[in-house]
Amino acid sequence: MAKIVVNPKVVCELDPAFVPASLWNKAYREAVAASSDKLDIVIALKRANGAVSTYKTAIFKHEGENAALNFKYVERIVKFLLWMKGGWQVIIAGCDALADELKAVYSEKGARAFDYEFMGERVYDKTFEVVSVPLAKAPESQEISVKLGGHLDGCRIGFDLGGSDRKCAAVVDGKVVHTEEVVWDPYFQKDPEYHAAGIRDSIRRAAEKMPRVDAIGGSSAGVFVDNSPRIASLFRGLSKEDFKAKIVNLFHDIQKEYNVPLIVANDGEVTALAGAMSMESTGVLGLSMGTSTAVGYVNTNGNITDWLNELAFAPVDYRDDAPADEWSGDLGCGAQYFSQQGVARLAKCAKIDFPEDMPFPKRLEAVQAMMKENDPKAAAIYRSIGVCFGYAVAHYSDFYDINKLLILGRVTSGEGGEIILEEARKVLQAEFPELAEKIEFRTPDEQFKRHGQAVIAASLPALN
């Protein structure tokens, strides 16, 4: 067998070449299951504090024309797991030859050099590596989860840092007394004082609305370890030297200035917390379609894990010429489909001619204005996002146990958001009826969509 061919029952209107990862993997696994020449393997990822995640699967015997299929299948899963769970070491148990191929790709000069650097040096402060062991030596899973959020007592500040605006809220004993949204443009600013001054300004303005400050919670895209940003698109314009000198300890400095408990979390985690709190549920995957794709997860025990959940970098489209992520260079990753830049990409497919220098947030606003005028081109954009999202939800379900799916973010505002969910449901009903029955889609009201992240972020710290 030399090729996996998939035929989606629901075709993406503006991007018909889209190859859903969920369908490709399903077809591959069915082919392997029917084969007499197959191998069991285990993919394991080591993180900090002894945490280990494992993924068991089967592949064809790794030789001849099937070797390329095996590589595509396993490499895409490794890529997904790295950005879902994180890891400085990937262990392939059961196939040395496949491990050697992955090692070459996930290296300093390989095609996944971005992942090599970020997972190693930037996130875990280690040298990233791929190693192989016999199947019998495969590590056991050692997952870590913690309770976080849901604290409403006292005078709290919550902030949410996005790529086009920063939001801040003042909350007193669970009552929101102030919310504010300030436009900013942090992405390619080279002076770290721009970011620091803006964040401090929003916190100060919220503090002025309360008699005192008891706790501060924050939400932002990126990877945070002990309140220190390790990967954050907001600061991508800074040099490594300025990032380390001025940003890594920024939130520690703010904590000292106010002398109160302070926690900063990935904005996807805050989305998931919002869903878990509002729905009184567990197994909640929260996804925010905004400047990028932010994801968080509250597991079926009601806890937050130590996973990264950075699915902006996780592949959802397996075609060979899928859109490239402008940061990592990889193809078919979530940020190109479920974000402002995804809207801008599809706008071109819909023959909407925006000026090349028009910022993505402005293009989204223009598409939303067109949607209010019942423009068919705008509706086609949202339908296309919805179809891709439906297949992506099925893909996510291969890795997460999802009961509720909470969707937020600017892209989901207005009627367009309803179209996205309607199309996603159609995909699940047509292709994955068991998931359509299990997973409940939820969206908060418009005010919560825009400011809910900041309000829920305020609940992150417990008072000392």
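Visitor: What is the relative accessible area of Glu121?
Guide: This is a predicted model, and the value is computed from it. Buried means under 20% and exposed over 50%. Glu121 falls in between and counts as partly exposed, because its relative accessible area is 39%.

Visitor: Which residue meets Glu121 in a salt bridge, and how far apart in sequence are the parts that the pair ties together?
Guide: The partner of Glu121 is Lys240, with N and O 4.0 Å apart. Lys240 lies in helix 6 (residues 240–247) and Glu121 in helix 4, so the separation in sequence is 119 residues.

Visitor: Is Lys240 buried, exposed or partly exposed?
Guide: The limits are under 20% for buried and over 50% for exposed. Lys240 has 42% relative accessibility, so it counts as partly exposed.

Visitor: Which residue forms a salt bridge with Lys404, and in which strand is that residue found?
Guide: The side chain of Lys404 meets that of Glu440, at 3.4 Å from N to O. Lys404 belongs to strand 16 (residues 404–408), so the pair ties together parts 36 residues apart, with Glu440 in strand 17.

Visitor: Which residue of this pair is buried, Lys404 or Glu440?
Guide: Glu440 has a relative accessible area of 33%, so it is partly exposed. At 17%, the other residue lies under the 20% limit. The buried residue is therefore Lys404.

Visitor: Which loop residue touches Lys404?
Guide: The loop in question joins helix 8 (267–279) and strand 13 (284–289). Its residue touches Ala276 as well as Lys404, leaving out residues up to four places away in sequence. This residue is buried, because its relative accessibility is 15%. The residue is Ser281.

Visitor: How many salt bridges does the structure hold, and where is Arg112, which forms one with Glu75?
Guide: The total is 36 salt bridges. Between Arg112 and Glu75, the closest N and O atoms are 2.9 Å apart. Glu75 sits in helix 2 (residues 66–84), and 37 residues away Arg112 sits in the loop between helix 3 and helix 4 (113–124).

Visitor: How many disulfides are there, and which cysteine has the sulfur closest to that of Cys155?
Guide: The count comes to 0 disulfides. A disulfide needs two cysteine sulfur atoms within 2.5 Å. The sulfur of Cys155 has its closest cysteine sulfur 14 Å away, too far for a bond, and that sulfur is in Cys168.

Visitor: Why is helix 9 described as largely enclosed, and which helices do its buried residues pack against?
Guide: Helix 9 (residues 340–349) is largely enclosed by the rest of the structure because 8 of its 10 residues are buried. Among them are Gln340, Val343, Arg345 and Leu346. The buried residues pack against helix 10 (360–372) and helix 11 (376–396).

Visitor: Which residue caps the N-terminal end of helix 9?
Guide: The cap is made by a side-chain oxygen that lies 3.3 Å from the backbone nitrogen of Gln341. The capping residue is Ser339.

Visitor: What is the strand order of the open sheet of 4 strands, and what is its average twist?
Guide: With mixed pairing, the strand order is 2-1-3-4. Strand 2 (52–60) and strand 4 (129–133) are the edges, each pairing on one side only. From one strand to the next, the twist averages 20°.

Definitions and conventions. Residues numbered from 1 in each chain as written. Predicted model: local features only at pLDDT ≥ 70, side-chain atom pairs only at ≥ 80, totals over all residues. Heavy atoms only, no water. Pairing = 2+ DSSP bridges. Helix = DSSP H or I, 4+ residues; strand = E, 2+ residues; numbered from the N terminus. Axes fitted to C-alpha atoms, helices over the stretch in contact; angles between N-to-C directions. Buried < 20%, exposed > 50% of the residue type's maximum accessible area, 1.4 Å probe, protein only. Contact = heavy atoms within 4.5 Å. Polar contact = N/O pair within 3.5 Å; in protein donor to acceptor, adjacent residues only side chain to side chain.
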